[in-house]
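The following exercises are to be worked through with the sequence and the coordinates at hand. Each task is followed by a solution in steps.

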Amino acid sequence: MKRLALAALAALFASTPAIAEVPSTVSFSARLLDEDTGKAVDGSHRIAFALFTAETGGTSVWDEGRDVMIDDGVLFTALGENRALDATVF
């Protein structure tokens with residue numbers, strides 16, 4: 001009887017879906033060009049990032065601003081480095 005109970009308990013845990021943690025950061029990359037000249041942006045720039053509830057007309061659910069380094073128009077950063085992303089954002 002004990003074996004049957006242990007087997008049933010093991011099956012229950014094995015069938016329980018895994019709950020993944022929400023990441024506190026998300027990788028972000030972009031290619032930035034000067035809108036007047038079309039040339040690649042370079043150097044250190046202050047950029048504001050924001051996530052919204054909809055593509056247009058939504059409300060902001062998260063934002064952060066910081067200085068980033070852009071090299072030949074390419075920006076690589078992680079959103080959430082200054083203000084962590086959490087489950088309420090997603």
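The model is predicted.

**Exercise 1. Overall layout**

Determine which secondary structure elements the protein chain contains and in what pattern they follow one another.

*Solution.* Begin with the inventory: the protein chain has one helix and four strands. Next, read along the sequence; the resulting pattern is α-β-β-β-β. Then turn to the contacts with a separation of 6 or more: 48% of them join residues 24 or more positions apart. Finally, consider the surface. The protein chain has 90 residues, of which 18% count as buried, and its accessible surface comes to about 7100 Å², with 57% belonging to carbon and sulfur atoms.

**Exercise 2. The largest nonpolar core**

Identify the residues of the largest nonpolar core and state which strand gives the most to this core.

*Solution.* The core consists of 10 residues: V41, I47, F49, W62, V68, I70, L75, L79, L85 and V89. Assigning them to strands shows that β2 (43-52), β3 (60-70) and β4 (74-79) each supply at least two residues. Of the strands, β3 gives the most, with three residues. As a last step, examine one member, V41. Leaving aside residues up to four places away in sequence, V41 touches L32, L33, D34, I70, D72 and G73.

**Exercise 3. An acidic residue in a strand**

Is E64 buried or exposed, and which backbone atom does its side chain reach?

*Solution.* First locate the residue: E64 is found in strand β3. Its relative accessibility is 6%. Since the cut-off for buried is under 20%, E64 counts as buried. Its side chain reaches the backbone nitrogen of G80 at 3.2 Å. The surroundings complete the description: apart from residues up to four places away in sequence, E64 touches I47, A48, F49, A78, L79, G80, E81, N82 and R83.

**Exercise 4. The aromatic pair**

Classify the geometry of the pair formed by the rings of F28 and F49, and state how accessible F28 and F49 are.

*Solution.* The structure holds one aromatic pair. The ring centres of F28 and F49 lie 5.6 Å apart and the planes stand at 75°. Planes over 60 degrees apart count as edge-to-face, so the pair of F28 and F49 is edge-to-face. The pair links distant parts of the chain, 21 residues apart: F28 belongs to strand β1 (residues 26-31) and F49 to strand β2. As to accessibility, F28 is partly exposed, at a relative accessible area of 30%, whereas F49 is buried, at 8%.

Terms used: Residues numbered from 1 in each chain as written. Predicted model: local features only at pLDDT ≥ 70, side-chain atom pairs only at ≥ 80, totals over all residues. Heavy atoms only, no water. Buried < 20%, exposed > 50% of the residue type's maximum accessible area, 1.4 Å probe, protein only. Contact = heavy atoms within 4.5 Å. Areas by Shrake-Rupley, 256 points an atom, 1.4 Å probe, with all protein chains shown as cover. Core = buried A, V, L, I, M, F, W, Y, C linked by side-chain atoms within 4.5 Å. Polar contact = N/O pair within 3.5 Å; in protein donor to acceptor, adjacent residues only side chain to side chain. Phe/Tyr/Trp six-rings, centres within 6.5 Å; stacked < 30°, edge-to-face > 60°.
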